[in-house]
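Me: I would like to learn how to read burial, contacts and ligand surroundings in a model such as this one. Could we take it feature by feature?

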Amino acid sequence: MTYRAPIRDIVFALRHAARFDKARADGIYDLDDETLEAVLEEAGKYAGDVIAPLNRVGDKHGTPFRDGAITMPPGWKDAYRGWAAAGWNGLVAPEQWGGQGLPAAVNAACIEMWNSGSMAFGIGPVLTMAAIHALTAHGSDALKQTYLPKLVSGEWMGTMQLTEPQAGSDVGALRTKAERAGDGTYRITGQKIFITYGEHDLTDNIIHLVLARLPDAPPGTRGISLFLVPKVLLNADGSLGLRNDVRASSIEHKVGIHASPTCTMVFGDNGGATGWLVGEENRGMACMFTMMNEARLAVALQGVAIAETATQQAIDYARERRQGRRPGMAESASAAIIEHADVRRMLAQMRALTRAARAICYATAVAIDRGRREASVAARTAAHERASLLTPVAKAFATDIGSEVASLGVQVHGGMGFIEETGAAQHLRDARIAQIYEGTNGIQAIDLVTRKIPLEGGKTVATYLDELRATVATVKAANDPAFGATGDRLGEAVDALARATAWLAAALRKEPDAALAGAAPYLRLFGIAAGGTMLADEALAALRLADAGADAPNRVALARFFAEHVATAANGLAASVTEGAASVPAAAAFG
Ligand SMILES: Cc1cc2nc3c(=O)[nH]c(=O)nc-3n(C[C@H](O)[C@H](O)[C@H](O)COP(=O)(O)OP(=O)(O)OC[C@H]3O[C@@H](n4cnc5c(N)ncnc54)[C@H](O)[C@@H]3O)c2cc1C
C-alpha cells in the first residue's frame with residue numbers, strides 16, 4: 001500500500017487554515033518555514049517508506065497471543081525502534097526529559113502521517129505521549145525522573161487504562177481497587193478491558209496508567225485516582241527487576257486495526273500489582289482531563305489520516321480503471337473512470353471532507369499551543385477554552401469523515417473495493433474504531449453541547465462564530481467569480497450554526513433531553529461550518545500569495561465544492577436540532 005505524505009497541503013493547512021503564521025507573528029512559535037518543512041518532510045518519508053509498507057502485513061498477521069505474551073507482526077519491532085531512535089516519540093515532550101519541546105501543531109501533522117502509514121502503528125505512540133503528558137503535569141519528581149526519560153525516548157511505551165466491563169462511557173462506574181500498602185505505594189486489583197497495546201514485544205517494559213478506586217473513595221468520578229503500574233518493576237539502580245502482578249489475559253479479535261493489540265488486563269493474581277499514585281488521591285479524573293484534549297485530537301487525526309490515504313488510493317485507481325464512455329466519446333473508446341462526473345464528484349467529496357477535517361484538527365492543535373504559550377493568563381485561558389470547544393468537534397467530525405471517506409474509497413473501486421487485496425476495505429475497517437474509542441462520537445456531541453456551549457457564559461462559541469463570519473465576509477468582498485456561491489452557502493452555514501447554538505443554549509436550561517437529542521446533528525453542523533470556512537481561509541491565502549506553489553485555482557475550487565455540495569446540509573441540520581427533538585421516539589416506542 002503506498003502513501004505519499006501530502007507535505008504541501010499539510011503545511012498550507014497548518015499555516016493558513018489553522019493560522020500557524022498568525023500565531024508565529026504573535027510570538028507563539030519561533031519555528032521558521034524551513035525548519036517546519038524539514039521536520040514534516042522527514043516525518044513524511046518515514047511514514048511513507050517504512051510504516052506504510054507494514055500496514056497490510058499488520059492487518060493480515062495480527063498480534064498472536066500465547067501464554068500471556070504477544071508477538072507483533074514481522075517488521076514492526078524494527079520500524080518502531082527506528083522511529084523512536086529518530087526522536088519522533090519525544091517531538092513535543094519537554095527538553096528536560098529528552099524531548100524536543102516542539103509545538104503540538106507540528107506533532108499533530110506528524111501524528112496524521114504516522115497514522116496514514118498505519119493506524120494500528122500510530123495509536124501505540126499516542127498512548128505513550130498521553131502517559132508522558134499525564135506524568136509531566138501530575139507526577140511526583142521521583143516518578144518523573146524514573147519513568148519520563150525512557151518514555152520520552154520510546155524505550156518504554158505507555159497505556160491508558162480506564163475501561164472495565166461495566167464502565168465504558170460511564171467511567172465513574174469503575175471498580176478496580178487500590179489499597180494503600182503503607183510504604184507510599186498502592187496495591188491494585190481488578191480487571192480492565194479493551195486496553196490498547198496492553199501487552200506487546202516492542203519494548204522491554206510497559207508503563208500502565210490505571211484508574212482505580214481507594215476503599216474510602218467517594219462514589220462516581222469524584223472517587224477515582226490515577227496510578228502508575230509498570231509491567232516490570234525496577235531495581236534500585238533502575239534496571240529491570242521482577243514482573244509486577246499485572247498481565248494480559250486475552251486479546252480481542254477486531255474488525256480493524258489488527259496489529260494494535262487490544263487486551264484484557266488482570267491486576268492482582270498474587271495480592272495486588274504495585275502502583276504509584278499520580279497526582280492526588282481521588283483527583284484521577286482531573287489528571288485524565290489534562291491530557292484528554294491531546295489524546296482526543298490524536299484520534300481525530302486518525303480520521304484525517306485514513307481519509308487522506310483512502311483518497312490517494314481512490315484517485316490512483318480512478319485514473320487506471322477504464323469503464324464506459326464520457327458523453328460524446330466514440331463507441332469504440334473507453335474512459336478512465338475518473339472522467340465520469342459521478343466519480344469526480346466522489347473524489348472531490350473525499351478530498352474536500354479530508355481537508356476540512358485536517359484544518360479543524362490543526363486549528364485545535366494551534367489553540368492547544370496558544371493555551372500553553374500565550375504571554376498573559378487571560379490569553380492563555382481564552383486559547384484553552386478555544387481548544388476545549390474545538391476538541392470534541394475535531395474528534396467526532398474528523399473520525400466520522402474518516403469512515404465516510406474510506407467508504408467512498410471502496411465505492412470508487414467498485415467490486416474490487418470489497419476485495420481485501422486492494423486495501424480499500426482495510427481503510428474502512430480500520431477507520432471505524434476511531435468513532436468509538438477515546439469517548440464515542442455521541443459522547444463528544446454531548447460534551448460539545450453541555451460543557452462547551454456554556455463556556456465563559458457563551459462567549460467562547462460567540463467569539464468563534466464572529467471569526468467564521470469574518471472569513472465569509474472576506475470571501476464575499478473578494479467578489480471572485482471562481483468562488484461561485486461559496487460566500488452565500490458558507491454564510492448560510494454559519495447563520496445556521498448560530499441559530500442552533502442559541503436554541504441549544506436555551507434548551508439546555510428548559511428541556512435538556514431535547515438538547516441532547518440534537519447534539520449529534522449540531523456537532524456535524526459545527527464541523528461543516530468550521531471546516532468549510534477554513535477551506536475558504538486557505539483559498540483566500542492562496543489568492544493573496546499569488547504564487548504558483550500556493551495552487552490558488554485548486555484551493556478556490558475545493559472551497560467552492562465544499563460550500564456548494566457539503567455546506568448545503570447546514571440548514572437541514574439546524575432544523576434537526578431546533579425542530580427534531582419531538583420526533584426522536586421514546587424508548588418504549590422500540591417495542
Ligand atoms: C479497539 C479498542 C481499543 C480501546 N482502547 C482503550 C484503551 O486503550 N484504554 C481504555 O481505557 N479503553 C479503551 N477502549 C474502550 C473505549 O474507550 C470504549 O469502548 C468507549 O469509550 C465506549 O465505551 P463502551 O464500549 O462501554 O460503550 P457504551 O458506553 O456502552 O456505549 C454504547 C453506546 O451508548 C452510547 N452512550 C453511552 N452512554 C451514553 C450517554 N450518557 N448518553 C448518550 N449516549 C450514551 C454510546 O455513545 C454508544 O453509542 C478501547 C476500545 C476498543 C474497541
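Me: This is a predicted model, and I would like to begin with Gln435: is Gln435 buried or exposed?

Reply: Burial is read from relative accessible area, with buried meaning under 20%. Because its relative accessibility is 12%, Gln435 counts as buried, and its place is the loop between α12 (424–431) and α13 (441–452).

Me: Which residues is Gln435 in contact with, leaving aside its neighbours within four places in sequence?

Reply: Contacts are read from heavy atoms within 4.5 Å. For Gln435 the list consists of Lys395, Thr399, Asp400, Ser403, Thr440 and Asn441. With one of these, Asp400, the side chain of Gln435 makes a polar contact of 2.8 Å.

Me: Thr440 also belongs to the ligand's surroundings; how many residues surround the ligand, and which are the closest?

Reply: Here a residue is counted if one of its heavy atoms lies within 4 Å of the ligand. There are 18 such residues, and Thr163, Ser169, Phe194, Thr196 and Thr440 are the closest. Thr440 places a polar side-chain atom 2.7 Å from an oxygen atom of the ligand, while a polar side-chain atom of Thr163 lies 2.7 Å from a ligand nitrogen atom. In Phe194 it is a backbone N or O atom that lies 2.7 Å from a nitrogen atom of the ligand. As for cover, the ligand has 980 Å² of accessible area on its own, of which the protein covers 61%.

Me: How should I read backbone angles, and what is phi of Tyr197?

Reply: One feature to look for is a positive phi in a residue other than glycine, and Tyr197 has such a value, near 55°. Tyr197 lies in the loop between β5 (186–196) and β6 (206–212), and because its relative accessibility is 1%, Tyr197 counts as buried. Asn282 is another residue that has a positive phi without being a glycine, in this case about 65°. The loop that holds Asn282 runs between β12 (273–278) and α9 (284–320), and with a relative accessibility of 26%, Asn282 counts as partly exposed.

Me: Helix α9 brings me to Glu294, which is found in that helix; which residues does Glu294 contact, leaving aside its neighbours within four places in sequence?

Reply: Sequence separation and spatial distance are best read side by side. Glu294 is in contact with Ala104, His133, Ile368 and Arg372, once its neighbours within four places in sequence are left aside. Ile368 is 74 residues from Glu294 along the chain, yet their C-alpha atoms are separated by 8.2 Å. With Arg372, the side chain of Glu294 forms a polar contact of 2.4 Å.

Me: What distance separates the C-alpha atoms of Glu421 and Thr274?

Reply: Their separation is 46 Å, for two residues that are 147 residues apart along the chain. Glu421 sits in the loop between α11 (377–412) and α12, where its relative accessible area of 59% makes it exposed. Apart from residues up to four places away in sequence, Glu421 touches Arg56 and Met416.

Me: And what can be said of Leu516, which lies in helix α16 (residues 512–517)?

Reply: Leu516 has a relative accessible area of 37% and is therefore partly exposed. Not counting residues up to four places away in sequence, Leu516 touches Ile446 and Thr450. The C-alpha atoms of Leu516 and Ile446 are 6.3 Å apart in space, although the two residues are 70 residues apart in sequence.

Me: Which residues of helix α19 (residues 570–579) are buried, and why do they line one face of the helix?

Reply: The buried residues of α19 are Ala570, Leu573, Ala574 and Val577. Viewed down the axis of α19, these residues fall within an arc of 100°, so they line one face of the helix. They pack against α15 (486–510) and α17 (519–545).

Me: Finally, how many residues has the largest nonpolar core?

Reply: The largest nonpolar core has 193 residues, and those with the most contacts inside it are Leu40, Trp83, Trp114, Tyr362, Tyr522 and Phe526. Leaving aside neighbours within four places in sequence, Tyr362 is in contact with residues including Ile10, Ala13, Leu14 and Leu301. There is also a second, separate core of five residues, among them Phe12, Ala541, Ala542 and Ala550.

Terms used: Residues are numbered from 1 along each chain as its sequence is written. This is a predicted model: local features need pLDDT of at least 70, side-chain atom pairs count only at pLDDT 80 or more; totals for chains, interfaces and linings use all residues. Side-chain values use heavy atoms; hydrogens and water are left out. Buried means under 20% relative accessible area, exposed over 50%, partly exposed in between (1.4 Å probe, protein chains only). Helices (H or I, at least four residues) and strands (E, at least two) are DSSP runs, numbered from the N terminus. The arc is that of the directions from the helix axis to the C-beta atoms. A polar contact is a pair of N or O atoms within 3.5 Å; within protein, one must be able to donate a hydrogen and the other to accept it, and residues adjacent in sequence count only if both atoms are side-chain atoms. Accessible areas come from the Shrake-Rupley method with a 1.4 Å probe; for residues, only the protein chains shown count as cover. A nonpolar core is a set of buried Ala, Val, Leu, Ile, Met, Phe, Trp, Tyr and Cys residues joined through side-chain atoms within 4.5 Å.
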